[in-house]
Structures are given as structure tokens and as C-alpha cells.
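Work through the exercises below with the model open. Each task is followed by a solution in steps.

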Amino acid sequence: MAFLNEGYLKLKAGYLFPEIGRRVREYQTAHPDARIIRMGIGDVTRPLAPSVIKAFHEAVEEMGNESTFKGYGPEQGYEFLRKAIVDNEFISRGVNIDIDEIFISDGSKCDTGNILDIFGKNNRVAIADPVYPVYVDTNVMDGRTGPMLENGYYENIVYMPCKEENNFLPQIPSQPVDIIYLCFPNNPTGATIDKATLKKWVDFALEHRAIILYDAAYEAYISDATLPHSIFEIEGARECAIEFRSFSKTAGFTGTRCAYTILPKSVKAYDPQGNAHPLHALWLRRQTTKFNGVSYPVQKAAAAIYTDTGKKEVRDTIAYYMENAAIMRKSLESVGFKVFGGINAPYLWVKTKDNMGSWEFFDYLLHKLQIVGTPGAGFGPSGEGYIRFSAFANRDSVLEFTDRIKKLA
Ligand code: PLP
């Protein structure tokens, strides 16, 4: 008899996006002529930059030529890409990261889930609410939680509610924890963290010998020069943090797949006898055993964002999305909505009208204006009363969104 992983039985069915899809389909069937605009999806809409496509093509040509063909590459990623990352993302910001501390992968979703392989089941995990659901679900799958409770929280996770009165920042837990997930700029709230506040988290982690899993998938959207792009800009983080970065939102790689994890050799975790072990060796072992690297053309395509032209093209695309965010923000505010985020992040976190529930407001917008957002409650109980709009849209849709929102005046 084969036994299954009981963690999977504790998971609540992926409810959010299927339910949005169901409600939108039902409305469209009843109103076939309605032009619905979708502002809820967290996927990019602009094509890959010309420099990226050129490098991609050239690398594919290399694969078709005997003298330049590549088979298996290094599991950690090609050095040309790791070096470009170190030079352009870290040295340029005065942050010392070794090339060997970068691990190229096919996505931050995989990395944030897979990293749990190298952590014991007995770790107490602290997670923000609302949150990118992958952190919670992967811990449930990995057997680090109890069942889901009535209030929508899983037993054994230390939740950190993010509220308006704290600018949607998680508060440092009152009890010791071992693993802390932080995500800035944040999905879904668009909140950011300044260096002084992030330093408090680093100090807390050092005090408790905890590890911060820092998801910086949206760092490229930071426009405020005082905000940290990397947790490694903070003193002490090299001893207690692992950072996740992705080309998905930075350069439109959601369908192309390329990301990386930074795991400094100085980050340590403990065996039951209390002996410290560098996690770098464990992650290297995990990746070399379970992963065979990202394809050569994809890594070449990713490296192209660090050429002079590539940098400009990627910056222009981000500026396009952030102009979308600014237009959307202005129209929402002009009719009295309270809007958060959308300044250093591509997401707008909007308080619902007249204190409606997230789903009630979702239905109201769908039926009255044929606009689709993402109900905040879908990201966790503290998201109730909010809706998330994404700036990853085409300008025409954004202008249409603006016209329709103004009807609520
Ligand atoms: N982390 C956050 C916070 C995200 O919002 C997303 C994607 O939406 C990811 C990670 C996943 O990134 P990737 O496409 O690299 O798997």
C-alpha cells in the first residue's frame, strides 16, 4: 500500500482564481456583448525586449551548430549570467555577493517552495497576511502546519497581519520564530520597507538565529532611491537571509522562466545537537541532485538585460507599467477611493467602496462597470475589505478602466 503526503490533504482547494474565472464566465454568458476588462491578473503583458529576443535567437542558433552546441550546463547557472547579476544588481549597489552565492533557476515560485527541502520540519514559520499564497501552501505540503482553522489560518503558522495602521507592514512577532518570509515590494499590497525597518528584522533574526526568506521579485519597480532593493544592503543580512529574485516581472520572463536565489555562504542553520552548518552547501547539494539547470538560450536571453540597450529597454517597459499604475491611482482617488501601493510596485491595493466585503465589491465592479479585480480576501483573512488591481495591462485597457471608474463619482 502506498501512503500519500498528508500535507496535501490539508490544503484548501485553490479557490481564488478559479472562482474569479467562474464568476466572470457566468456574467459573460448572461451578457454576451459586455466588454469586460481584466485588471486583476499578476502576469505581464508587454513582449520581451528586442535585445532579449536577439540574444535568445543567437543562442538558439548556437544550439544548432556542432561547434557551439551545449548539453547539460552547470546546475547553478552559467557563469556569464551569474557574473552579470553580481556586477549589475549587487556590486553596483555596494553589496558584496560572490558569484558562487548565486543560483540560477526556472522561477522564484519554485525556489521559494523548494528551499523548504533544506529546512527541518520543526521550524516555526512566520508569514504575512495577506500574502503571496505559495509561502503558505508549500509549508502545508511540507508538513510544517496543522489543519486550516475556522479563521482561515493554518495551525502552527505564526501569521503577521498587515494592516492599514501599520502601512501594511508585518510586525515583528512577539514570540521567537525560526523562518520569516518577507516580500518587498509586496504582492498583493504594494507596500515597501525602508532600510531602518528592514534592519530591525535582520536584528530580530540574528537574535533568534532565525532565517529571513526575502522575496524581492518586484525590486525593479522601486522608484524611491532610499528604499533597499536587496536585503543584503542591510548590515548583518549576510548571516541570516536568503533572497529570491526573478526575471519574470523585471523583464517579462513569466513565460520564458528564469530567476535566481542568493544564498550567502555565511548563512547557517542548526542540527539537533546545536551545531551550525552553512546552508549554502545543502542548497548546492539539493540543486545538483534535483535540478539540471535552466536552458542555455534562456540564460543568454536573461543576460541581455544587462547590456546597455537591454537595460534601457527593460527600464522603459517598467516605466510603461508604472505609468499605468499612476493613471489608475489618480482615477481611483478622484472618485474617493483610498489607494495604497502602485508607487514602488505594480499593484494597487484599494479599500472597497462603503466597507463592502472583497467579493461583494468584486461582484459590484463586474456587474456595474465590467471591471475585474482580485478580491483581497483571496490573499488571506486580513485582505478582507480590499481589492487588488494590477498595472500589468495595456494602455487602452487602463484608459478604459479610468473612464469606467469615473462613473462611480
Ligand atoms: N514571488 C512573488 C511575490 C510573486 O508575486 C511571484 C509571481 O507572481 C513570484 C514570486 C513568482 O515568480 P516566478 O515567475 O519567478 O516564478
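A crossing of two helices is right-handed if the near helix is turned clockwise from the far one by less than a right angle, and left-handed if anticlockwise. The model is predicted.

**Exercise 1. Helix packing**

Task: Describe how α2 passes α12, and list the residues that make the contact.

Solution.
- Step 1. Take the axes. Those of α2 and helix α12 (residues 358-369) come within 11 Å. They cross at roughly 30°.
- Step 2. Assign the hand. The crossing of α2 past α12 is right-handed.
- Step 3. List the contact. From α2 come Leu 16, Glu 19, Ile 20, Arg 23, Val 24 and Tyr 27. From α12 come Trp 359, Phe 362, Asp 363, Leu 366 and His 367.
- Step 4. Sort by class. Seven residues of this contact are nonpolar, one is polar and three are charged.
- Step 5. Recall the helix repeat. An α-helix has 3.6 residues a turn, so residues three or four places apart point the same way.

**Exercise 2. Salt bridges**

Task: Find how many salt bridges the whole structure holds, then examine the pairs of Glu 400, Glu 89 and Asp 354.

Solution.
- Step 1. Search the whole structure. The total is 28 salt bridges.
- Step 2. Start with Glu 400. Its partner is Arg 35, with the closest N and O atoms 3.3 Å apart. Glu 400 sits in helix α13 (residues 395-406), while Arg 35 lies in the loop between α2 (16-30) and β1 (37-38). The two are 365 residues apart.
- Step 3. Check accessibility for this pair. Glu 400 is at 22%, so it counts as partly exposed. Arg 35 is at 54%, and the cut-off for exposed is over 50%, so Arg 35 is exposed.
- Step 4. Turn to Glu 89. It bridges to Arg 245 at 3.2 Å, N to O. Helix α4 (residues 79-90) holds Glu 89, and strand β7 (residues 241-246) holds Arg 245. They are 156 residues apart. Both Glu 89 and Arg 245 are buried.
- Step 5. Finish with Asp 354. It meets Lys 353 at 4.0 Å, N to O. Asp 354 is exposed at 65% relative accessibility. Lys 353 is partly exposed, at 24%.
- Step 6. Look for shared partners. Glu 19, Arg 22, Arg 23, Glu 26 and Asp 363 are joined into one network.

**Exercise 3. Strand β2**

Task: Decide whether the faces of strand β2 are buried or exposed, and find its pairing with β8.

Solution.
- Step 1. Split β2 (residues 102-105) by side. Ile 102 and Ile 104 are on one side, Phe 103 and Ser 105 on the other.
- Step 2. Check burial. All of these residues are buried, and both faces are covered.
- Step 3. Find the pairing. β2 and strand β8 (residues 259-262) are antiparallel, over four bridges. Ile 104 has Tyr 260 as its bridge partner.

**Exercise 4. Helix α6 and Ser 382**

Task: Say which residues of α6 are buried and what covers them, then place Ser 382.

Solution.
- Step 1. Count. Six of the eight residues of α6 (residues 134-141) are buried.
- Step 2. Name them: Val 134, Tyr 135, Val 136, Thr 138, Asn 139 and Val 140.
- Step 3. Find the cover. It includes α1, α5, β3, β4, β5 and β6.
- Step 4. Look past the helix. Gly 143 follows α6 and has a positive phi, near 80°.
- Step 5. Place Ser 382. It lies in the loop between β14 (374-375) and β15 (386-390). The cut-off for buried is under 20%, so Ser 382, at 10%, is buried. Among the residues it touches are Asp 129, Tyr 153 and Cys 162.

Notes
Residues are numbered from 1 along each chain as its sequence is written. This is a predicted model: local features need pLDDT of at least 70, side-chain atom pairs count only at pLDDT 80 or more; totals for chains, interfaces and linings use all residues. Side-chain values use heavy atoms; hydrogens and water are left out. A salt bridge is a side-chain nitrogen of Lys or Arg within 4 Å of a carboxyl oxygen of Asp or Glu. Buried means under 20% relative accessible area, exposed over 50%, partly exposed in between (1.4 Å probe, protein chains only). Axes are lines fitted to C-alpha atoms, for helices over the stretch in contact, and angles run from 0 to 180 degrees between N-to-C directions. Contact means heavy atoms within 4.5 Å. Ala, Val, Leu, Ile, Met, Phe, Trp, Tyr, Cys and Pro count as nonpolar, Asp, Glu, Lys and Arg as charged, and the others, Gly among them, as polar. Two strands pair if DSSP finds at least two bridges between them.
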